[in-house]
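Hi,

Here is the structure I promised to pass on. Have a look at it first, and then read my notes below.

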Amino acid sequence: MMDYGERHALMAPEQYGSRKQKSSSDHATNKRLSMDILRQSNTNAVYVANDAKSCYDRIILMVAYVTMRNFGIPAEVAKSTISTVLNMKHYVRTKYGDSTTYYGGDKWTTKPHGCGQGNGYGPALW
C-alpha cells in the first residue's frame with residue numbers, strides 16, 4: 001500500500017515514517033531549518049509535535065476500508081486487509097511456550113479497531 005500511495009502521490013509530504021528516501025535525520029534537519037527561519041524572520045508560530053502513540057491501534061476499520069476504496073485500492077484487497085484483522089487469533093508466547101487458548105477471531109464480542117503493530121500497512125492507513 002505504501003508503494004501504491006507513493007506512485008499515486010497520495011502521501012502527505014510531511015509524512016516521513018515508513019517511506020523510502022525519507023529519514024529521521026532529514027526530518028530533524030527540516031524541522032531545525034524551519035525553526036531557524038521563523039526565529040530569524042521574527043515570525044510568530046506554533047509548532048505541534050504530535051506523538052501518535054498507539055495510532056495504529058486506533059484506526060477505525062470501516063473508515064480505513066472507505067479510505068482505501070477512495071484512493072483506488074481494489075475492493076477485494078481492501079476487504080482482505082480488514083477481514084484478516086477481524087479474523088486473527090492471538091496467542092500468547094512466553095519462554096515456556098505458546099498458549100493453547102487464544103483471543104480474537106470468533107471470540108470477539110465486539111469487533112476490534114486498529115490494524116495491529118508491525119504489519120507494514122499501518123503507516124499507509126494512518
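**Salt bridges, starting in helix α2**

Arg-39 and Asp-36 form a salt bridge, and their closest N and O atoms are 3.5 Å apart. The two residues sit three apart in helix α2, so about one helical turn separates them. Before I go on, please keep in mind that this is a predicted model.

Asp-36 has a second partner as well: Arg-32 forms a salt bridge with Asp-36, with 3.1 Å between the closest N and O atoms. Both of these residues belong to helix α2, which covers residues 24-40, and they are four residues apart, again about one turn of the helix. Put together, Arg-32, Asp-36 and Arg-39 make up a linked network of salt bridges.

Which of these residues are buried and which are exposed? Asp-36 has a relative accessibility of 17%, so it counts as buried. Arg-32 counts as exposed, because its relative accessibility is 54%, and Arg-39 is exposed too, at 55%.

How many salt bridges does a search of the whole structure find? The search gives four. One of them joins the side chains of Asp-98 and Arg-93, at 2.6 Å from N to O. Here Arg-93 is exposed at 67% relative accessibility, while Asp-98 is partly exposed at 44%.

**The chain as a whole**

Stepping back, the protein chain has five helices and four strands. If you follow the elements from the N terminus, they run α-α-α-α-β-β-β-β-α.

What about the overall dimensions? The radius of gyration of the protein chain is 19 Å, whereas a compact globule of 126 residues would have one near 14 Å. The C-alpha trace spans about 60 × 40 × 25 Å along its principal axes. As for burial, 24% of the 126 residues count as buried.

**Aromatic pairs**

Next, the rings. A pair of aromatic rings is described by the distance of the centres and the angle of the planes. With ring centres required to lie within 6.5 Å, the count comes to two aromatic pairs.

One pair is Tyr-91 with Tyr-102: the ring centres are 5.5 Å apart and the planes are at 50°, so this pair is tilted. The label follows because planes under 30 degrees apart count as stacked, over 60 as edge-to-face, and the rest as tilted. Where do the two tyrosines lie? Tyr-91 is in the loop between β1 (89-90) and β2 (93-94), and Tyr-102 is in the loop between β3 (97-98) and β4 (103-104), so the pair ties together parts that are eleven residues apart in sequence. Tyr-91 is partly exposed, with a relative accessible area of 45%, whereas Tyr-102 counts as buried at 18% relative accessibility.

Tyr-103 and Trp-108 also form an aromatic pair, and this one is edge-to-face, with 6.1 Å from centre to centre and 80° between the planes. Both residues are partly exposed, Tyr-103 with a relative accessible area of 47% and Trp-108 with 26%.

Tyr-102 has another neighbour to look for: Lys-107 lies over the face of its ring, at 4.3 Å from the ring centre.

**A nonpolar patch on the surface**

Which residues make the nonpolar surface patch? They are Ile-60, Met-62, Val-63 and Val-66, and the patch is about 380 Å². Val-66 lies in helix α3, residues 61-70, and it counts as partly exposed at 48% relative accessibility.

**Two positive phi values**

Finally, a couple of backbone details between α1 and α2. Ala-9 is not a glycine, yet it has a positive phi of about 55°. Ala-9 lies in the loop between α1 (2-7) and α2, and it is exposed, with a relative accessible area of 69%.

Gln-21 shows a positive phi as well, near 65°, and is likewise a residue other than glycine. Gln-21 lies in the loop between α1 and α2 and counts as exposed, at 78% relative accessibility.

If you want a starting point on screen, try Asp-36 with its partners Arg-32 and Arg-39, and then move on to Tyr-102 with Lys-107 over its face.

Cheers

Methods
Residues numbered from 1 in each chain as written. Predicted model: local features only at pLDDT ≥ 70, side-chain atom pairs only at ≥ 80, totals over all residues. Heavy atoms only, no water. Phe/Tyr/Trp six-rings, centres within 6.5 Å; stacked < 30°, edge-to-face > 60°. Buried < 20%, exposed > 50% of the residue type's maximum accessible area, 1.4 Å probe, protein only. Lys NZ or Arg CZ within 6 Å of the ring centre and 35° of its normal. Patch = residues over 30% accessible without salt bridge, like charges linked within 9 Å, V, L, I, M, F, W, Y side chains within 5 Å. Areas by Shrake-Rupley, 256 points an atom, 1.4 Å probe, with all protein chains shown as cover. Rg over C-alpha atoms; globule rule 2.2 N^0.38 Å.
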